Amino acid sequence: MGNIIEIIEKIENTSKDDLDLRCEIATKLGWTCELVGRSFGWHPPHVSDHVLALPPRWLTSLDAAMSLVPSGWYVEKLTECDDHGQCSVKLKHAFDHHNESNGCGFDVAHALCAAALRAQGLS
């Protein structure tokens, strides 16, 4: 299992929704995968009665990616596509305007996911 920087680099360098990468993200964020009946299920951190068949689609869903943005942070800038075909997102902390987190990726969800995970390390 890679550290968070390695996971962010994978996010910024992939162009697909990679289930293994989503599982890495979930595990790094404290999600647990356990046997529930005859199949496996994913539990969010500190929630034992909620189970998902798979980790959220952080790499394809803006709503799921936004759920990774730490409390007190907001999207300051979003670029859908630059000259290199990359999307980028800049997050800022609401109370410490010098605290920012950037992410890039194949699409906005990838970029937002990367920026949010970086911000989690800064909070």
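A disulfide is taken here as a pair of cysteine sulfur atoms within 2.5 Å. Applied to this predicted model, that rule gives a count of zero disulfides. Cys 23 shows how the cut-off works: its sulfur lies 7.0 Å from the closest cysteine sulfur, which belongs to Cys 33, and this is too far for a bond. Cys 113 is likewise in no disulfide, with the nearest cysteine sulfur, that of Cys 104, 12 Å away. The surroundings of Cys 113 can be described as well, for this residue has a relative accessibility of 0% and therefore counts as buried.

The strands are a good place to continue the tour. Strand S1, covering residues 32-36, runs antiparallel to strand S2, covering residues 39-43, and five bridges join the two. Within this pairing, Glu 34 stands opposite Gly 41 of S2. S1 and S2 form a hairpin with two residues between them, and Gly 37 in the turn adopts a positive phi of about 70 degrees.

A positive phi also appears further along the chain, at a residue that is not a glycine: His 46, where the angle is about 65 degrees. Most residues other than glycine have a negative phi. His 46 sits in the loop between S2 and H3. With a relative accessible area of 87%, His 46 is exposed.

Helix H3 itself spans residues 62-66 and includes Met 66. Met 66 is partly exposed, as its relative accessible area is 40%. Together with Val 75 and Leu 78, Met 66 makes a nonpolar surface patch of about 230 Å².

Next comes an open sheet of three strands, arranged in the order S3-S4-S5 with antiparallel pairing. Strand S3 (73-79) and strand S5 (100-105) stand at the edges; each has a single partner strand, so one side of each is left without a neighbour in the sheet. From one strand to the next, the twist averages 20 degrees. In a regular strand, side chains alternate between the two faces of the sheet.

Where do S4 and S5 meet, and over how many bridges? Strand S4 is formed by residues 87-93, and its antiparallel pairing with S5 extends over six bridges. One residue pair can be picked out by name: Leu 91 has Ser 101, in S5, as its bridge partner.

Terms used:
Residues numbered from 1 in each chain as written. Predicted model: local features only at pLDDT ≥ 70, side-chain atom pairs only at ≥ 80, totals over all residues. Heavy atoms only, no water. Patch = residues over 30% accessible without salt bridge, like charges linked within 9 Å, V, L, I, M, F, W, Y side chains within 5 Å. Areas by Shrake-Rupley, 256 points an atom, 1.4 Å probe, with all protein chains shown as cover. Salt bridge = Lys/Arg side-chain N within 4 Å of Asp/Glu carboxyl O. Helix = DSSP H or I, 4+ residues; strand = E, 2+ residues; numbered from the N terminus. Buried < 20%, exposed > 50% of the residue type's maximum accessible area, 1.4 Å probe, protein only. Pairing = 2+ DSSP bridges. Axes fitted to C-alpha atoms, helices over the stretch in contact; angles between N-to-C directions.
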